[in-house]
Structures are given as C-alpha cells and as structure tokens.
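Please follow the description below alongside the sequence and the model. It moves along one helix and then to a single residue within it.

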Amino acid sequence: MSLDERFNKAASDAKNLKSRPTDNELLELYAFYKQATIGDCNISRPGVMDLKAKAKWEAWNGKKGMSQDDAKEAYIKFANELTEKYGS
C-alpha cells in the first residue's frame with residue numbers, strides 16, 4: 001500500500017474509534033493531519049478568547065517544519081496506537 005493509501009485508511013479508522021480519545025490525543029491527531037495535508041500552519045493565531053481554536057492552532061503550529069510525508073507517517077503511527085487503545 002502507498003503512503004497516501006495507508007494515511008487515508010488510518011484517517012478513516014481514526015474516525016470510527018469505539019471510545020473518544022482524550023483532548024490531548026485529539027489535538028495531536030489533528031496537528032499531524034493538518035501538517036500532512038496542508039503543511040506548515042498558514043492561518044493567523046486565533047484570539048485569546050477562542051480557546052478551542054487557539055489550542056488547535058498551537059498544536060498544528062508545533063509541527064512547523066515537519067515534511068508532509070513525515071507527518072503522514074507520524075499520523076499513521078499515532079492513529080494505529082489510538083485504534084489499539086480505543087478499538088475501532
């Protein structure tokens with residue numbers, strides 16, 4: 001299977017977990033996904049009052065400089081760990 005096929009399968013599996021991962025796990029998954037699909041964070045930092053958007057921005061911006069292929073590999077690995085932990 002190609003990297004993109006494995007990435008898409010991992011993304012599909014992550015959407016169908018039996019239990020909800022922790023907020024920190026979801027942020028990590030989100031950050032890897034955004035870095036893998038878009039690259040470095042390309043939006044301005046949200047305002048201090050929008051806590052959810054700020055947390056997502058900080059998680060994604062924390063992956064700055066990681067190549068999209070490396071982010072896909074990291075996403076696949078992390079999604080598989082979550083599937084093992086929470087079931088699919």
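Just after helix H2, Gly39 takes a positive phi of about 105°. Helices (H or I, at least four residues) and strands (E, at least two) are DSSP runs, numbered from the N terminus. This is a predicted model, in which local features need pLDDT of at least 70 and side-chain atom pairs count only at pLDDT 80 or more, while totals for chains, interfaces and linings use all residues. Residues are numbered from 1 along each chain as its sequence is written, and side-chain values use heavy atoms, with hydrogens and water left out.

H2 itself covers residues 23-37. Its 15 residues should span 21 Å at 1.5 Å a residue (1.5 Å times one less than the number of residues), and the end C-alpha atoms are 21 Å apart, so the two agree.

Several H2 residues are buried, meaning under 20% relative accessible area (exposed is over 50%, partly exposed in between; 1.4 Å probe, protein chains only). They are Glu25, Leu29, Ala31, Phe32, Lys34, Gln35 and Ala36. The partners against which these buried residues pack are helix H1 (3-15), helix H3 (51-61) and helix H4 (68-86), where contact means heavy atoms within 4.5 Å.

Why is Glu25 counted as buried? Glu25 counts as buried because its relative accessibility is 12%. Leaving aside residues up to four places away in sequence, Glu25 touches Phe78, Leu82, Lys85 and Tyr86. A polar atom of the Glu25 side chain also lies 2.9 Å from the backbone nitrogen of Thr22.

How values were computed:
A polar contact is a pair of N or O atoms within 3.5 Å; within protein, one must be able to donate a hydrogen and the other to accept it, and residues adjacent in sequence count only if both atoms are side-chain atoms.
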